[in-house]
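Colleague: I'm in my first year and still learning to read these pictures. Could you zoom in on one spot for me, then walk me outward from there?

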Amino acid sequence: MATTLAERFRLAAGRIQWRRGTRAGIVVATVMVACHLLGKPTGWAALGALQVLTVDNGGPYRTRLGNILTILVGGALALFLGIICAGSLPLAVAVTALVCFTITLARVISQPLASASVSILVCYIVAFGGAIHNSSWALVGVQYFLIGGIWAAIFSLILWPVDPFRPARNAVANLYARLTQMAAALPSIDPLADRNALNEFVPQIRLLIETAQSTLAATPARMTARTVRARNLAALVQTADLLLARILRLAELGAHAAQTEAARVHSVDLAQWLVGSLTPVEAALRENPIDRAAAFSASGSLNADMHRRALRFEASIETVAAPGLHAELDAQFTAVERDCLLSIEVVYESIVAIWTGAEPRSTRAAALRSNLITPAAAATLSSPQIWLDALRANLTPSSVMFRHALRLATVTSVDVVILHLIHLNHGYWLPMTSIIVLQPYTGETWRKSGDRVGGTVAGAVLAAILAATVPSEAGIIAVISIGCFFTLATYAADYAWYCFFLTPTIVLLTLPHLRDWHFAAVRMGMTGLGALTAILAMLIFWPERESIQLPRLLARAAAADAAYLRAILRFWTSTSSDTQAATTAERSILAPARRDCGLATNDAEESLDRALLEHSIPLRSTPAHERLNQDALTFTTYLRRLTQSITTLAVLGNGSDAPQLSTAVSTLARRLDDLSIGLAEPGHTVPLHPEAETLPAASTLAAQQLARMTRQIGVLESTAAAISAR
């Protein structure tokens, strides 16, 4: 075990967040020293500070404040209920089941509740396992929990704001810096003599993409898919991959451009426009811009300048338009420019979302632009209505989150009964482990159980040694502060090491009296029993595999591509000779639709990654699940290609041949809807279509692109049929 932990620590060392750990150590130390000097209870104040620092995952102040207020209010209420209900077993079982079910199901309501739900339940269990159970002590506990939490909030938000996303932002900034350098190298390359001069950039950028993805995956501490920052950083990585392909395409055009001086000028102008548009991105990712990224917004100066220079480029092409091969080459230059324009719009939108915490696609205006809701519905749209809709959708046994909440409530209630029967003081590690380890899906539960048991056993040994050797309360405070430092520093780096440092920290924080080393042994045993209980519950009560939700997420991603195709039709019909109107249409119609495609595909790929983890589980694994994952891998790969093809079609078909393409595009959108329904709804079959069914008669670049899309959708249909047949 020591070798394994040492290896994991070596791998996680590059991701350790020292600033976050240092802040935690200072906050916990100051609040505990103050309470100790005043003769007040130190444990509750330290718990409040630690929980606030745990849920503060960085980002915009609005998001962070929402997370902090949620843990303060929810944790205080849970702490009060945990103290007063522990005296009677029937009351304890009923309240525990109700609290665990309600808080777990509340994750579907909002991101702050999703981030703080486990921490709230931990507050409840710690209070439940205490030695004193009366209302006056409950009020004292709530008071000092809030004092510690408020002090941590002040320190975190004002005195020392730490951003756990900094490593991921820097990794993405490095990616865009290299991408900008690649674009800047284009004008200096001789298209005939140095056709391979850009090849050295490609493996470097591919490596930077992989580095950014791995850094991002480790950053937001098991809440990656639910944070605005993480989703938009993931969108930036995906968009960089698309821009790399477009730069390579521009290099290919540069080789042809040597045939005419005008085309060569177009190649240089387009590269310079691309460099000018991408240059501000790196700095905006490394540090919060002074204007909080307002210049990148739809009405911002950088956005306006990017579109103004894009219009000048298109006007220059129209000025020197020539027939024949040169006209075809000019059309391809325009297609690359408009494709890059859409990608950079997504980049700018993501930067705004990173620093403001508001995703454009989640706002009422964005929903109206994308025709997702009608103006009449928008008039009545409100956050309470959204919350109620989310609850109604999940208050059914068919909901994975409903079943998970019911499973967790059942397990913790059983744990409470076990603690009552064995009469073990401070045995709350049993239900606490079940709460933390038990996840909605089997793969995550299995992985977390192994990490938690391994880290806790090693940490409990260290805790026993410390408890037996530290002679004074001042020494205990110092050790707890150091433990908080390492706990928060490794929180987002490695879960096993996080558990290793958390164990002595919490053991000493809740130590009944000095030199009580036996308490660490209690922690070790209860943790093992809690992990075993969680695994058995996962296998007995609705054993959920990630493959259950994988087809639904694949269906949602396919539906997003169908919506993207329909957005193209709206874009074509709204385009006029007015260049300003065309630019506005691109920004308001195409960019949100493309963004939704990327985010939906990201969610499906993350689900697939978790499903692949389930192969390591030696229980209930079947070849059918492996085949499903292979089909899903093919599906997501072709879905990415399809999104790129749709983006290219948007600009290629924006001309006189658009009316001839509209019928074919509508047909492809219906086919995507059909396969989406076949994936999402059991019992539906995915219809297969002949390739020639949607091909237009015209032989143009747009028609060729449409033929490519038809083949891609054909692969998606056959793969979806195989998935839905399982």
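Modeller: Let's start with Ala 251, which sits in helix 10, the stretch covering residues 228–257. Keep in mind that this is a predicted model. Is Ala 251 buried or exposed? It falls in between: its relative accessibility is 27%, so Ala 251 counts as partly exposed. That label follows because buried means under 20% and exposed means over 50%. Now look for Pro 187: it is 64 residues from Ala 251 in sequence, yet their C-alpha atoms are 9.4 Å apart in space.

Stay with long-range pairings for a second, and zoom out to the whole chain. Take the contacts between residues at least 6 apart in sequence: 82% of them join residues at least 24 apart. The chain has 726 residues, of which 56% count as buried. As for secondary structure, you'll find 27 helices and 0 strands.

For a contrast with Ala 251, find Ser 350 in helix 13, residues 325–356. Its relative accessible area is 0%, so Ser 350 is buried. Setting aside neighbours up to four places away in sequence, Ser 350 touches Asn 232, Ala 235, Leu 236 and Arg 595.

Next, hop over to Phe 155 in helix 7. Phe 155 has a relative accessible area of 10% and is therefore buried. Skip its neighbours within four places in sequence, and Phe 155 is in contact with Arg 23, Ile 26, Val 27, Trp 160 and Pro 161. Between Phe 155 and Ala 49 there are 9.9 Å from C-alpha to C-alpha, although the two are 106 residues apart in sequence.

Ala 49 is a handy stepping stone, being one of the helix 3 residues that meet helix 7. How do helix 3 and helix 7 lie relative to each other? The axes of helix 3 (residues 43–55) and helix 7 (residues 135–159) come within 7 Å and cross at roughly 40°. Helix 3 and helix 7 are therefore oblique to each other, and the crossing is right-handed. On the helix 3 side, the residues taking part include Trp 44, Leu 47, Val 52 and Leu 53. Helix 7 brings several glycines, namely Gly 141, Gly 148 and Gly 149, along with others such as Tyr 144 and Phe 145. Sorted by class, this contact has 11 nonpolar residues, 5 polar ones and no charged ones.

Trp 44 turns up again in the largest nonpolar core. That core has 86 residues, and those touching the most other members are Met 32, Trp 44, Tyr 124, Met 432 and Ile 480. Which helix gives the most to this core? Helix 6 (residues 111–128) does, with 10 residues. Apart from this core there is a second, separate one of 55 residues, with Ala 183, Ala 185, Leu 186 and Ile 247 among them.

Back to Tyr 124: leaving out residues up to four places away in sequence, its contacts are Ala 78, Leu 81, Gly 82, Cys 85, Ala 92, Val 95, Thr 96 and Val 99. Ala 92, Val 95, Thr 96 and Val 99 also belong to helix 5's side of the contact with helix 6. The axes of helix 5 (residues 89–105) and helix 6 come within 9 Å and cross at roughly 165°. Angles over 145 degrees count as roughly antiparallel, so that is how helix 5 runs relative to helix 6. This crossing is right-handed. Helix 6 joins in with Ser 117, Ile 120, Leu 121, Tyr 124 and Phe 128, and the contact has 9 nonpolar, 3 polar and no charged residues.

Finally, helix 6 has a partner in helix 18 (residues 429–437): their axes come within 9 Å and cross at roughly 175°. Helix 6 and helix 18 are therefore roughly antiparallel to each other. Val 118, Leu 121, Val 122, Ile 125 and Val 126 of helix 6 make the contact with Pro 431, Met 432, Ile 435 and Ile 436 of helix 18. By class, the residues come to 9 nonpolar, no polar and no charged. You may recognise Met 432 from the largest core, where it is listed among the residues touching the most other members.

Technical notes
Residues numbered from 1 in each chain as written. Predicted model: local features only at pLDDT ≥ 70, side-chain atom pairs only at ≥ 80, totals over all residues. Heavy atoms only, no water. Core = buried A, V, L, I, M, F, W, Y, C linked by side-chain atoms within 4.5 Å. Buried < 20%, exposed > 50% of the residue type's maximum accessible area, 1.4 Å probe, protein only. Helix = DSSP H or I, 4+ residues; strand = E, 2+ residues; numbered from the N terminus. Contact = heavy atoms within 4.5 Å. Axes fitted to C-alpha atoms, helices over the stretch in contact; angles between N-to-C directions. Parallel < 35°, antiparallel > 145°, perpendicular 65-115°, else oblique. Left-handed = near helix turned anticlockwise from the far one by under 90°. Nonpolar A, V, L, I, M, F, W, Y, C, P; charged D, E, K, R; others polar.
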